[in-house]
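Student: I would like to learn how the words used for a protein model are justified. Could we go through them one at a time, setting each value against its cut-off?

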Amino acid sequence: MTPEGGLSWTVYDANKLAPREIYGIVLADLGSIHPNIVGLSADLAKSTKIETFGNKFPDRFFNFGIAESNMFGAAAGMAKVGLIPFVSTFSAFASMRACEFLRTDICYQNLNCKVIATHGGTSFGSAGTTHHAIEDLSIVRAFANLTVIVPADGIETANAVRACMDIDGPVYIRIGRGFEPPIFTTEDYGFQIGKAVEMCPGTDITVIACGCTVFHAVNAAKILKDEDGLSVRVLNMHTIKPIDEEAILKAVHDTRRIITVEDHNVIGGLGTAVADVIAASGKGCAFNKLGVQDAFSPHGYPEDLLNLNKIDMDGIVEKVRELMGREFEADEDWEDEV
Amino acid sequence: MPITDQERIELQRRANAVRKDIVDVTGWSGGAHIGGSLSMVDMLTTLYWKYMKVDPANPLWEDRDRFVLSKGHGGVGHAVVLAHKGYFPKEELKDFNHTGSNLGMHLDSHKAKGVDASTGSMGHGLCQAVGMAIGARVLDKPFHVYCVVGDGESNEGSIWEAAMSAAHYKLSNLTAFLDRNRMMIDGPTETVMRLEPLADKWTAFGWKVRVVDGHDYGQLVDAIDFALTYKEGPVMVLCNTIKGKGVDFMENDPAWHYGGLNTDMVAKAQKSLEKFDV
C-alpha cells in the first residue's frame with residue numbers, strides 16, 4: 001500500500017524496530033506531506049524517537065525542556081494558529097504531569113493535536129512506578145473530544161499515526177517502550193480507528209486485548225486450541241475511545257464469555273470501557289478483567305511484570321480456563337433478555 | 001507611535017465607558033471578577049484601539065494579531081471590551097453568566113467571538129501564547145501575540161516554564177503584560193506568596209522588562225512601541241495597577257476580587273466612575 005504523497009511503509013523494518021522507532025520514521029515521512037506538522041518534545045526526543053522528525057525538520061521541531069505543562073499548552077497555541085503538533089513524552093507525564101493542559105487547552109478547545117505517549121503501561125519496567133503509566137487510559141478516556149488509541153505493535157503504530165491525521169481533533173496514541181514483539185507482518189489488514197481487529201476467530205470465549213497484550217492473547221488462543229480444544233476469539237481493541245460497541249456486542253452474542261486484557265490498572269481502562277458496553281446492553285455475559293489489580297507495579301523486567309500481573313500468555317490461559325469452568329446459563333433466546 | 005492628546009482623550013473615554021459596562025454586567029450577572037477586570041482595562045483599551053490588527057467582522061482572519069487573557073477570570077472585562085470593539089452586540093452582555101449564553105465567567109473561544117484562547121485555569125494562557133508566537137514563525141505569519149498575565153497567577157510554575165521557553169526561542173512577536181495589582185483572593189500577593197523582585201525575575205528569565213504605570217496611556221504606549229521594535233526576544237510590560245481601579249469603594253480591596261452588586265451598589269460605583277468622564 002502506498003498512501004497519497006508517496007509515503008511508503010516499507011521505509012521501516014518492523015521486525016527490527018520498536019514501535020516508537022517506527023513512529024519517529026513515519027512521522028518524519030508524514031512531515032514531508034504535511035508542512036503544518038510540528039514536533040514537540042520535553043527532553044525526551046531521543047527516548048520517544050521524535051528526534052527522527054526533528055533531525056529532518058529542525059525548523060519545525062521544538063524542545064521545551066523538562067516542562068510538560070508548558071509544552072502541552074504551547075501545542076494548543078500552535079494548533080490554534082493552524083499547525084498540527086505531535087507532542088511526545090512518556091505516557092505517565094502526558095496523562096498526569098500535563099493532565100490539565102491536555103484536558104483544558106487541547107481537548108476542551110478540540111484542537112488538532114496528536115499526543116504520542118510512549119513507555120505506556122509497565123513497559124519501562126525497571127524504572128518503576130514513577131515511570132509506569134497504568135492510569136493514563138482511565139484519565140484521558142474521560143476527556144471529551146479525545147480519541148484514544150493503543151496500537152498492538154510497530155506496524156499498527158504506523159497505521160495509527162497515519163490514520164490520526166484524518167481526525168480534525170485531539171488524538172492520544174499510547175505505545176510502549178519498544179520491546180513489544182511484532183504481530184502484524186503487513187500494514188494492509190484494514191486498520192480503521194474505532195474498529196476492532198479480529199486476530200483469531202472463535203466461538204467459545206472472546207479475549208479483548210489492546211497494546212502489547214494482543215500478542216499474548218493470540219498466543220494464548222493457540223495454546224487453548226491445542227491443549228483444551230477451545231475456540232477463542234481474540235479482538236485487538238486498538239481504539240479505546242470511541243470503542244467498537246458492535247464488536248463487543250457481537251462477542252457477547254456469539255461467545256457469552258469475555259475477558260479483557262490490558263497493561264493498565266483494571267479501573268477505568270479497556271476493561272471498564274468494555275464493561276460499560278456489556279452492562280448497557282442488558283445481555284448476560286461472564287466477564288473478567290485482566291490488568292494491574294489496583295496496585296502500584298514494582299520495578300522489574302517488562303516481561304516479568306506482565307507475568308506478575310497475569311497479563312501475559314500464561315495469565316490469559318489461566319483466566320480463560322477459569323472462566324470456561326464457571327457455571328453460566330446462556331439463554332438461547334437472545335431476544336428474551338433485557 | 002507616541003500618543004497624541006486626542007488619542008489619550010479617546011482612550012480615556014473608551015476605558016471609562018468599558019469600566020461602567022463592567023459594573024453593569026457585574027450587577028446583571030449576579031457576580032463577576034470585577035476587581036481584576038477594572039485593573040486591566042487601560043491595557044486592553046490601548047491594545048484594542050491603538051495597536052491590534054483585528055477585524056471584528058472577520059474574527060477568525062488568519063493574519064490577525066492574537067490576544068490571550070492568561071488571567072482568564074478577567075473574562076467579564078474582556079467580554080465588555082470585545083462588545084465595544086464590535087465583535088458582538090452589547091445586548092449579549094445582559095446574558096453574561098446565564099445558562100445558554102455565549103459569555104460566561106471564563107470565556108470560551110468556541111462561543112465568544114474575538115476570543116483567541118479559552119482560559120480560566122491559572123498558568124495556561126501564556127503557554128498557549130508561546131505556542132501561537134512559535135506558530136507565527138513556522139507559518140511565516142506577520143501577526144503579533146499579546147498576552148495579559150495576572151500577578152497572583154504568577155505563582156504557577158507553568159508561567160515560568162512558558163517564560164523560559166519564550167526567551168529560549170527569542171519570541172520577539174510575543175508581548176506580555178503583567179497586571180500587577182498586588183491583590184489575590186486571600187489577600188496581598190506579597191503576604192500570600194511573595195513575588196518580588198518581580199521585574200528582576202522576568203529579566204533573569206531572559207525577557208526585556210518595561211515597568212510602567214498600567215493606567216498611564218503614555219507609558220503603556222511607549223512600552224508597547226518598544227516591544228514592537230525589539231527583535232531580540234519577548235518583552236514583558238510590567239504594569240503597576242490598582243485592583244478595582246475607578247470604583248472608590250473597591251480600590252485595593254481584595255474582597256472585590258469577585259463580587260456581586262445590588263442596584264444601590266451599581267449606582268454608587270457608576271457615580272464613582274463619572275469622576276473620570278472626559
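Student: Which residues of H9(A) are buried?

Tutor: This is a predicted model, and in it the buried residues of H9(A) are Thr213(A), Val214(A), Phe215(A), His216(A), Ala217(A), Val218(A), Ala220(A), Ala221(A) and Leu224(A). The word has a cut-off behind it, since a residue is called buried if 20 or more other C-beta atoms lie within 10 Å of its own.

Student: Why is Asn219(A) called partly exposed?

Tutor: Asn219(A) lies in helix H9 of chain A, and it has 18 other C-beta atoms within 10 Å. A buried residue needs 20 or more and an exposed one has 12 or fewer, so with its 18 neighbours Asn219(A) is partly exposed. Asn219(A) and Asp312(A) are 93 residues apart in sequence, while their C-alpha atoms are 9.1 Å apart in space.

Student: How do you know that the span of H9(A) is close to the expected one?

Tutor: Helix H9 of chain A covers residues 213–228, which makes 16 residues, and from its first C-alpha to its last it reaches 21 Å. The expected value, at 1.5 Å a residue, is 22 Å, and the span of the helix is close to that. Just after H9(A) comes Gly229(A), which takes a positive phi of about 70°.

Student: Against which elements do the buried residues of H9(A) pack?

Tutor: They pack against four strands of chain A, namely S7 (197–200), S8 (205–209), S9 (232–236) and S11 (257–265), and also against helix H13 (313–324).

Student: What makes S9(A) a mostly covered strand?

Tutor: In S9(A), 5 of its 5 residues are buried. Val232(A), Val234(A) and Asn236(A) lie on one side and Arg233(A) and Leu235(A) on the other, and as these are all buried, both faces of the strand are covered.

Student: How do you know that S9(A) is paired with S7(A), and in which sense do the two run?

Tutor: Two strands count as paired if there are at least two bridges between them, and S7(A) and S9(A) have 3 bridges, in the antiparallel sense, so the condition is met. In this pairing Glu198(A) stands opposite Leu235(A).

Student: How many bridges join S8(A) to S9(A), and are these strands parallel or antiparallel?

Tutor: S8(A) and S9(A) are joined by 5 bridges and run parallel. Here the residue that stands opposite Asn236(A) is Ala209(A).

Student: What makes chain A as compact as a globular protein of its length?

Tutor: Chain A has 13 helices and 12 strands. Its radius of gyration is 20 Å, and the globule rule gives 20 Å for 338 residues, so the chain is as compact as a globular protein of that length. Along the principal axes, the C-alpha atoms of chain A fill a box of roughly 60 × 40 × 40 Å, and 58% of the 338 residues count as buried.

Student: What is the phi of Asn110(A), and why does this residue count as partly exposed?

Tutor: Asn110(A) has a phi near 50°, which is a positive value in a residue other than glycine. This residue is in the loop between helix H6 (99–107) and strand S4 (114–118) of chain A. It counts as partly exposed because it has 16 C-beta neighbours inside 10 Å, a number that lies between the limits of 12 and 20.

Student: Where is the cis peptide bond that involves Pro242(A)?

Tutor: The cis bond joins Lys241(A) and Pro242(A), with omega at about 0°. Pro242(A) itself is found in the loop between strand S10 (239–241) and helix H10 (245–255) of chain A.

Student: How many residues does each chain give to the contact between chain A and chain B?

Tutor: Chain B gives 22 residues and chain A gives 24. On the side of chain B, the largest share is the 10 residues that come from H4(B). By class, that side has 11 nonpolar, 9 polar and 2 charged residues.

Student: Where in chain A does pLDDT stay under 50?

Tutor: It stays under 50 over residues 1–11 of chain A. Where pLDDT is low, the predicted coordinates should not be read in detail. Chain A as a whole averages a pLDDT of 92, and 93% of its residues score at least 70.

Methods: Residues numbered from 1 in each chain as written. Chains lettered and ligands numbered in written order. Predicted model: local features only at pLDDT ≥ 70, side-chain atom pairs only at ≥ 80, totals over all residues. Contact = placed C-beta atoms within 7 Å. Nonpolar A, V, L, I, M, F, W, Y, C, P; charged D, E, K, R; others polar. Rg over C-alpha atoms; globule rule 2.2 N^0.38 Å. pLDDT = per-residue confidence, 0-100. Expected span 1.5 Å × (residues − 1).
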